[in-house]
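Ready for some practice in reading a protein structure? Take a look at the model below, then work through the exercises one by one.

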Amino acid sequence: MYFLLVSLFIGILPSAYASVPRLLLVSFDGFRADYLKEYKLPHLQDFIKDGVLVEYVTNAFITKTFPNHYSIVTGLYEESHGIVANEMYDAATKKSFSQFNDTDPFWWNEAVPIWVTNQWQGNKISASAMWPGTDVKIHNSTPHFFMKYNSSVSFNERAENIIAWLNNSKPPVTFATLYWEEPDASGHKYGPEDTTNMSKVLQEVDNLVGLLVKKLKSSKLWEEINVIITSDHGMAQCAQDRLIKLDSCIERDRYMLIDKTPVAAILPHDEMYVYTMMKNCSPHMKAYLKEEIPDRYHYNHNQRIQPIILVADEGWTIVQNETLPRLGDHGYDDTLSSMHPFLAAHGPAFRKGYKQKTMCTVDIYPMMCHILGLTPQPNNGTLSHAKCLLADQWCIDVPEAIGIVIGVFMVLTTLTCLIIIMKNRTPSLRPFSRLQLQDDDDDPLIG
Ligand SMILES: [Zn+2]
């Protein structure tokens, strides 16, 4: 009898409960949020129509590639996960980090990325077709399947690998990443205001989304897998007449330039001298001593953050004496909308046809842990910011809630009015009926 009941109970469970939740996290580098509004991108729009969209994602300062990709997968601000720039120097160990010298776990071990946590908790594995840090032994482990970073490997090959791994592995791949260098590369080369070239590259990116969805459908993964498509940062237009030349303010031998622009990291020989010179260098650049960096940047508590940082205004480029290196750049203040990426998601874990104005990059991590049933590492994110995106969460939409409150108030007011009217009418009936009764009572007497 007990066996029969258990079988019946299992039999009526929806299939989504029976299978393990799976998630594919995709990043198109440098996909500025408003590209979605300014360009026709039919494959992405199709993806969003059946899923959710967060129009603007507030990313982490500095708005650079390595730091923000690590914030997405750890839920931490840069000061807490330790990847504080694309170019870093650690004074204590005299180690250097760059995009081309990034495989020393020393730089990554201050945090635990989700692909490692996923493999630590239960009989599951992770896979990665490139994502900063996935080819590094972080806390002694890489994703079970991964590709060594190589920008010349095509999107098609990356997608093919991911799909093969999602299909064939035992134990199952439950978390996977896929990374593509565009539209960042073209944004740097042409600048975001070059609509002809940006339109071309965005069509290509949109076609890659179409290709990915087609491959997921033909391999029967589409219905069961959750897919997040997002990015690390946006892009701002730069110009030759918006250069800040450090050589015109201070001699080069007074400091070491660890990271260049638009947030320059300065290791000074004489801190106060260098700071004073830099502070008065340009009205389009702010100089901060490390302890003065505004709290809102969450960019202070890490020894890899240098004693002085310089922050250029939007569209300005810091150089020593060079010409303009790029027509587009990012790294600027994370409150600038030009720095924000978007987030779209589709799959059984997500609502359908829902749009949300904003969330933070650090909120993506607790949302992904929730979907995968993982206990998250300590993080700076807030799951409730992503509640409305998730199918299994009760979500209060503010305008909707105001509507409901007004509706309930109107119904209650109408009911109260009706009760008052009824009450007022009843006493006027009583004397009449009493009179009648009295009349009736009187009748026999008279009679
Ligand atoms: Zn870039």
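**Exercise 1: A pair of strands**

Find how strand 5 (residues 125-129) and strand 7 (residues 173-180) pair, and name the bridge partner of Ala129.

*Solution.* Keep in mind that you are working with a predicted model.
- Step 1: Strand 5 and strand 7 run in the parallel sense, and five bridges join them.
- Step 2: Start at Ala129 and cross over to strand 7, where its bridge partner is Leu178.
- Step 3: Recall the general idea: the strands of a sheet pair through backbone hydrogen bonds, either parallel or antiparallel.

**Exercise 2: The sheet around that pair**

What is the order of the strands in the open sheet of eight strands, and which strands stand at the edges?

*Solution.*
- Step 1: Reading across the sheet gives 6-5-7-1-8-17-2-18, and the pairing is mixed.
- Step 2: Strand 6 (145-146) and strand 18 (354-360) each have a single partner strand, so one side of each is left without a neighbour in the sheet.
- Step 3: Now add the helices. Helix 8 (residues 155-168) lies across strand 1 (23-28), strand 5, strand 6 and strand 7, at about 180 degrees to strand 7.
- Step 4: Helix 4 (residues 42-49) lies across strand 2 (52-58), strand 8 (226-230) and strand 17 (343-346), and its angle to strand 17 is about 60 degrees.

**Exercise 3: The open sheet of four strands**

Describe the order and pairing of the open sheet of four strands.

*Solution.*
- Step 1: The order is 11-12-14-13, with antiparallel pairing.
- Step 2: Strand 11 (255-259) and strand 13 (285-289) are the edge strands, each pairing on one side only.
- Step 3: On average, neighbouring strands here are turned by 25 degrees against each other, direction ignored.
- Step 4: For one pair in detail, take strand 11 and strand 12 (residues 263-268), which are joined in the antiparallel sense over four bridges. Asp259 has Ala265 of strand 12 as its bridge partner.

**Exercise 4: Two helices that meet**

Where do helix 5 (residues 65-74) and helix 12 (residues 361-372) touch, and is helix 12 mostly covered or uncovered?

*Solution.*
- Step 1: The two axes come within 6 Å and cross at roughly 35 degrees.
- Step 2: Helix 5 contributes Asn68, Ser71, Ile72, Val73 and Thr74, while helix 12 contributes Thr361, Val362, Ile364 and Tyr365.
- Step 3: Sorted by class, this contact has five nonpolar, four polar and no charged residues.
- Step 4: Helix 12 is mostly covered, with eleven of its twelve residues buried. Among them are Asp363, Pro366 and Cys369.
- Step 5: Look just after helix 12, where Gly373 takes a positive phi of about 70 degrees.

**Exercise 5: The whole protein**

Which domains does the domain assignment give, and how far apart are their C-alpha centres?

*Solution.*
- Step 1: The assignment gives domain 1 (16-76 + 111-235 + 333-389) and domain 2 (243-329).
- Step 2: Their C-alpha centres lie 31 Å apart. Twelve residues from domain 1 and ten residues from domain 2 make the contact.
- Step 3: The side of domain 1 that touches domain 2 has six nonpolar, four polar and two charged residues.
- Step 4: Zoom out to count 13 helices and 18 strands in the protein. The radius of gyration is 30 Å, well over the 22 Å that the globule rule gives for 447 residues, so the protein is more spread out than a compact globule.
- Step 5: Along the principal axes, the C-alpha atoms fill a box of roughly 125 × 65 × 45 Å.

Note on methods:
Residues numbered from 1 in each chain as written. Predicted model: local features only at pLDDT ≥ 70, side-chain atom pairs only at ≥ 80, totals over all residues. Helix = DSSP H or I, 4+ residues; strand = E, 2+ residues; numbered from the N terminus. Rg over C-alpha atoms; globule rule 2.2 N^0.38 Å. Axes fitted to C-alpha atoms, helices over the stretch in contact; angles between N-to-C directions. Contact = placed C-beta atoms within 7 Å. Nonpolar A, V, L, I, M, F, W, Y, C, P; charged D, E, K, R; others polar. Buried ≥ 20, exposed ≤ 12 C-beta atoms within 10 Å, placed from the backbone. Pairing = 2+ DSSP bridges. Domains from an automatic or database assignment.
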